[in-house]
Amino acid sequence: MGSSVSIPGRQDRYWPEAGSDNRKPHQRDRDRVLYTSAFQRLAEVTQVLSPDEGHVFHNRLTHSLKVAQVGRRIAEMLQETQPQRAADAGGIDPDVVETAALAHDLGHPPFGHIAEEELDRLMMDQAHVAEGFDGNAQSFRIVNRLALRCDDHEGLNLTRASLQAILKYPWVRGSSGKQHHKWGVYSPENAQFEFARALAPIADEIKSAEAEIMDWSDDVTYAVHDVADFFRAGLIPLDRLADESNTQERRKFYDEVFSRDHFEHPTSDLENAFEKLKMFMPFTRPYLGTNNDRSNLRAFSGGLISRYVRGGVELTGTCGRGMRRVRINPAVEKEVIMLKQLTWHYVILNPALATQQHGQRTVIRNLFEIFREAAVQKNRTLFPFAFREMLEQVGSREEQARIVCDYIAGMTERQAFALHAKMTGTHPGSALH
């Protein structure tokens with residue numbers, strides 16, 4: 001395997017640290033993220049559906065671990081097969097990619113994107129905080145401010161390269177367009193953002209090569225494993241979709257997907273991509289859990305992951321302003337798009353899930369309103385001690401709202417439900433916790 005390329009400044013930390021051990025700086029970054037309580041809580045944050053439904057679905061923790069594994073393998077492959085391009089792109093380090101992958105979902109609130117949307121709306125409409133809420137910006141806030149390593153400084157004090165790799169969207173929130181809907185940093189963390197982006201060309205808004213690898217690994221992992229999960233649960237009919245004679249099932253799927261979303265790629269290209277995917281579907285009946293079923297499902301998911309690791313990514317060898325560092329193979333990119341659409345079509349748009357999500361929005365909204373009012377009225381006894389200390393250090397209502405958002409976004413789903421029941425009086429809970 002090729003050796004890591006040494007890039008000046010990549011191993012710098014925002015706060016200089018004395019002493020070290022046998023680990024390399026980026027290995028220490030990976031370990032710091034892995035041992036945070038923010039990472040541990042992801043075990044009780046669902047990916048799409050909760051394990052309470054009776055099936056073992058991926059949660060945010062198992063998803064993050066698999067993103068880290070896929071990202072590391074891609075980085076190792078590129079480091080070995082394209083060492084010069086890796087250097088030209090600013091450096092590729094498997095430890096940096098793994099660190100970013102482990103950290104990428106730390107900011108996801110309980111109930112995932114539904115709560116993300118609700119917190120964003122509440123922060124803007126009720127608290128009048130223009131930056132709102134975004135899970136990616138929250139992840140960057142956690143590693144730089146909320147996670148605790150020592151008493152001297154906030155955050156994990158990760159290296160510059162790891163911080164840059166976490167930034168899937170390396171900009172603050174814009175007033176319109178793509179930058180209004182997705183962004184990677186809140187203004188209180190702007191100093192750490194500028195520190196991380198010092199490795200990029202001035203005023204560049206293209207993510208680093210390592211962030212590109214992490215992002216692709218994220219897409220691949222949840223696209224493949226969500227489909228496998230929901231086929232196993234009987235929700236996605238891969239057997240009917242793979243059946244050459246069952247054109248009606250595929251046509252129904254295509255028509256709904258293409259009526260709902262506007263794609264950069266022609267719909268005919270996406271249909272052709274799905275036709276190629278059928279070659280990886282050795283399913284002739286619904287999943288029953290036999291050894292043959294299990295073997296076929298493993299072959300399906302393992303074959304696709306291998307395809308997207310080995311043939312999905314290449315480095316462009318560029319590091320100039322506005323130039324992409326990584327190229328995703330267009331053919332496999334279309335396949336991943338269609339895999340993700342399977343989960344949307346058969347699971348996320350299911351009316352039963354929509355009613356459940358309505359209740360989840362209500363939980364988030366009620367908690368935000370209760371705790372924001374408590375923060376404004378200085379009723380800090382409702383908050384855990386760490387958040388009481390944080391509230392004592394801020395003055396504006398905007399800063400108070402951000403801390404309330406931090407508190408709610410950092411809960412597990414079980415904690416959110418239990419606290420909501422206690423605060424609304426629908427269940428007494430316990431006086432001991």
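# Helix crossings and a cavity: worked exercises

Helix 15 passes helix 16 in a left-handed crossing. Keep in mind that you're looking at a predicted model.

**Exercise 1.** Work out how helix 15 and helix 16 are oriented, and which residues bring them together.

*Solution.* Start with the axes: helix 15 covers residues 291-310 and helix 16 covers residues 330-348, and their axes come within 11 Å, crossing at roughly 140 degrees. Since only angles over 145 count as roughly antiparallel, helix 15 is oblique to helix 16. Next, look at the contact itself. Helix 15 brings Phe300, Leu304, Arg307 and Tyr308, and these meet Val332, Glu335, Val336 and Leu339 of helix 16. Sort that set by class and you get six nonpolar residues, two charged and no polar ones.

**Exercise 2.** Do the same for helix 13 and helix 14: find the angle, the handedness and the make-up of the contact.

*Solution.* Helix 13 (residues 247-260) packs on helix 14 (residues 267-277) at about 140 degrees, and the axes lie 12 Å apart. That angle makes the two helices oblique to each other. As for handedness, helix 13 passes helix 14 in a right-handed crossing. Now pick out the residues: on the helix 13 side there are Arg250, Arg251, Phe253, Tyr254 and Phe258, while helix 14 offers Thr267, Leu270, Glu271, Phe274 and Glu275. Split by class, this contact holds five nonpolar, four charged and one polar residue.

**Exercise 3.** Decide whether helix 3 is oblique or roughly antiparallel to helix 5, then list who touches whom.

*Solution.* First get the geometry. Helix 3 runs over residues 60-81 and helix 5 over residues 94-103; they pack at about 160 degrees with axes 8 Å apart. An angle over 145 counts as roughly antiparallel, so that's the call for helix 3 against helix 5. The crossing is right-handed. From helix 3, the contact takes in Ser64, Leu65, Val67, Ala68, Gly71, Arg72, Ala75, Glu76 and Gln79. Across from them, helix 5 puts in Pro94, Asp95, Val97, Glu98, Ala101 and Leu102. Tally the classes and you have eight nonpolar, three polar and four charged residues.

**Exercise 4.** How many cavities of 30 Å³ or more are there, and what lines the largest cavity?

*Solution.* Rolling a probe the size of a water molecule over the atoms shows where empty space is left. Here the count at 30 Å³ or more is one cavity. The largest cavity has a volume of about 50 Å³. To see its walls, highlight Tyr14, Trp15, Asn144, Glu154, Asn157, Leu158, Leu163 and Gln192. Finish by sorting this lining: four residues are nonpolar, three polar and one charged.

Technical notes: Residues are numbered from 1 along each chain as its sequence is written. This is a predicted model: local features need pLDDT of at least 70, side-chain atom pairs count only at pLDDT 80 or more; totals for chains, interfaces and linings use all residues. Side-chain values use heavy atoms; hydrogens and water are left out. On a 1 Å grid over the protein atoms alone, a cavity is a set of points where a 1.4 Å probe fits but cannot get out, and a pocket is an open set with protein on both sides within 12 Å along at least five of seven lines; lining residues have an atom within 4 Å of a point. Grid points are joined across faces, edges and corners, and a volume is the space filled by probe spheres set on the points. Ala, Val, Leu, Ile, Met, Phe, Trp, Tyr, Cys and Pro count as nonpolar, Asp, Glu, Lys and Arg as charged, and the others, Gly among them, as polar. Axes are lines fitted to C-alpha atoms, for helices over the stretch in contact, and angles run from 0 to 180 degrees between N-to-C directions. Helices (H or I, at least four residues) and strands (E, at least two) are DSSP runs, numbered from the N terminus. Angles under 35 degrees count as roughly parallel, over 145 as roughly antiparallel, 65 to 115 as roughly perpendicular and the rest as oblique. A crossing is left-handed if the near helix is turned anticlockwise from the far one by less than a right angle, and right-handed if clockwise. Contact means heavy atoms within 4.5 Å.
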